[in-house]
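Colleague: Could you walk me through one part of this in detail, the strands and the helices packed around them? I'd like to know what sits against what, residue by residue where you can.

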Amino acid sequence: MSALRFVNKVALVTGGANGIGKATALAFARQGARVVVSDMNTVDGQSSVREINELTQSKNAIFLPCDVSSYSQVQKLIDGTLRAFGRLDCAFNNAGIEGAQGSLADQSNEAFDRVIDVNLRGVWNCMKLEIGVMLKQSGGGSIVNCSSIAGLVGFTGIAPYVASKHAVLGLTRAAALDYAKSGIRINSVHPGVIRTAMIDRFTGGSREAEIMFENATPMGRMGKPEEIANTVLFLASDEASFLTGQPITVDGGWTA
Ligand code: NAI
């Protein structure tokens, strides 16, 4: 039997109450990590932790609330992580929102601000404080930021989201270079269409809209949250020890 990859490691997952974040938190826990599941949705976050601990027959996961757009809340999250587990080895900065739909000039400034505050400033806030911890501890660390295929190519009707996800790739590349010599690797994952509540909000539950997404994906289906989780774990693990500053796309061929 192969050894668990994250024994004695501490992983933080933002937006861990649902979807891709929840699947990734479970995957970390299954591989032996102690996991901080963080989210601004406390009800779903606590139930995500209960489910992870049941499935792994452990108490390795805890919930800490945080709206990533607030620097002071992220500060409390990192303090809480250190109080609970003493260190931080892996961080998946995943919390994100899709924002409103509509052509650029029809979108409100407030809607733009919120998408940028969560998707871009949230990653900034988290990275700043995660890196601070990783620099001080032995062994460095690994950070994975959640971008999107909308961080690589344009999409109509969601300009603020597209801009925020392109910016996440820019932050990832720049930070990777800043800390390449410090034992901290920083990469981004770029999911295609993954079946989560976010996609349900886009399709409004309409089967026709789902079929449109499936047909636009060369593999002919939506991805599963676990398929992103597997990639995040690889990036966070020592198997990716020479990999930094890279966008890794997991999209069933969408951008091929
Ligand atoms: P989801 O909506 O199912 O889950 C997102 C989670 O983030 C929720 O639990 C929500 O409460 C939390 N969240 C939202 N704003 C937050 C904030 N300010 N602070 C803390 N938590 C917050 O969405 P999904 O699909 O799991 O998305 C996760 C990430 O993957 C997002 O960054 C999204 O942009 C990205 N993504 C998703 C794709 C998809 O097809 N589902 C495709 C490409 C990227």
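Modeller: Let's start from the outside and work in. The buried residues of helix H5 pack against helix H4 and against strands E5, E6 and E7. Those buried residues are Ala159, Pro160, Tyr161, Val162, Ser164, Lys165, Val168, Leu169, Thr172 and Ala175. H5 itself covers residues 159-178, 20 in total, and reaches 29 Å from its first C-alpha to its last, close to the 28 Å expected at 1.5 Å a residue.

Before going further, keep in mind that this is a predicted model. The chain has an average pLDDT of 98, with 99% of the residues at 70 or above, and the predictor assigns the complex an ipTM of 0.99 and a pTM of 0.98.

Now the other helix to look at, H8, residues 225-236. Its 12 residues should span 16 Å at 1.5 Å a residue, and since its end C-alpha atoms are 16 Å apart, the two agree. Here the buried positions are Pro225, Ile228, Ala229, Thr231, Val232, Leu233, Leu235 and Ala236. They pack against helix H1 and against strands E4 (90-93), E5 (141-146), E6 (184-191) and E7 (247-250). So E5, E6 and E7 turn up in the packing of the buried residues of H5 and again in that of H8.

Next, the strands. E4 has both sides covered: Cys90 and Phe92 point one way, Ala91 and Asn93 the other, and all are buried. E4 runs parallel to E5, and 4 bridges join them; in that pairing Cys90 has Ser142 of E5 as its bridge partner. E4 also pairs in the parallel sense with E1 (residues 10-14), over 3 bridges, and there Ala91 is the partner of Leu12.

That brings us to E1. 5 of its 5 residues are buried, so E1 is largely enclosed by the rest of the structure. You can split them by face: Val10, Leu12 and Thr14 lie on one side, Ala11 and Val13 on the other. Besides E4, E1 pairs with E2, again in the parallel sense, over 5 bridges, and in E2 Val37 stands opposite Val13. If you want to trace this stretch on screen, go from E2 to E1, from E1 to E4, and from E4 to E5.

E7 is worth a stop too, through Ile248, which sits in that strand. Ile248 counts as partly exposed, because 18 other C-beta atoms lie within 10 Å, whereas being buried takes 20 or more. Leaving out residues up to four places away in sequence, Ile248 touches Asn187, Val189, His190, Thr231 and Leu235. Thr231 and Leu235 are among the buried residues of H8. For a sense of scale, the C-alpha atoms of Ile248 and Met134 are separated by 22 Å, with their positions 114 residues apart along the chain.

The segments flanking these strands have some details as well. In the segment before E1 you'll find Asn8, which has a positive phi of about 70° although it is not a glycine. Asn8 is exposed, with 11 other C-beta atoms within 10 Å. Gln57, in the loop between helix H2 and strand E3, also has a positive phi, about 50°, and is not a glycine either. With 7 C-beta neighbours inside 10 Å, Gln57 counts as exposed. As background, most residues other than glycine have a negative phi.

Then there's Asn41, in the loop between E2 and H2. With 16 C-beta neighbours inside 10 Å, Asn41 counts as partly exposed. Asn41 is 26 residues from Gly15 in sequence, and their C-alpha atoms are 8.4 Å apart.

Gly15 leads us to the ligand. The shell around the ligand has 30 residues, and Gly15, Gly19, Gly96, Ser148 and Thr196 come nearest. Helices H1 (19-30), H4 (109-136) and H6 (197-203) each give two or more residues to that shell. By type, the shell divides into 15 nonpolar, 12 polar and 3 charged residues. H1 and H4 also tie back to the packing: the buried residues of H8 pack against H1, and those of H5 against H4.

Terms used
Residues numbered from 1 in each chain as written. Predicted model: local features only at pLDDT ≥ 70, side-chain atom pairs only at ≥ 80, totals over all residues. pLDDT = per-residue confidence, 0-100. Near = placed C-beta within 6 Å. Nonpolar A, V, L, I, M, F, W, Y, C, P; charged D, E, K, R; others polar. Expected span 1.5 Å × (residues − 1). Buried ≥ 20, exposed ≤ 12 C-beta atoms within 10 Å, placed from the backbone. Contact = placed C-beta atoms within 7 Å. Pairing = 2+ DSSP bridges.
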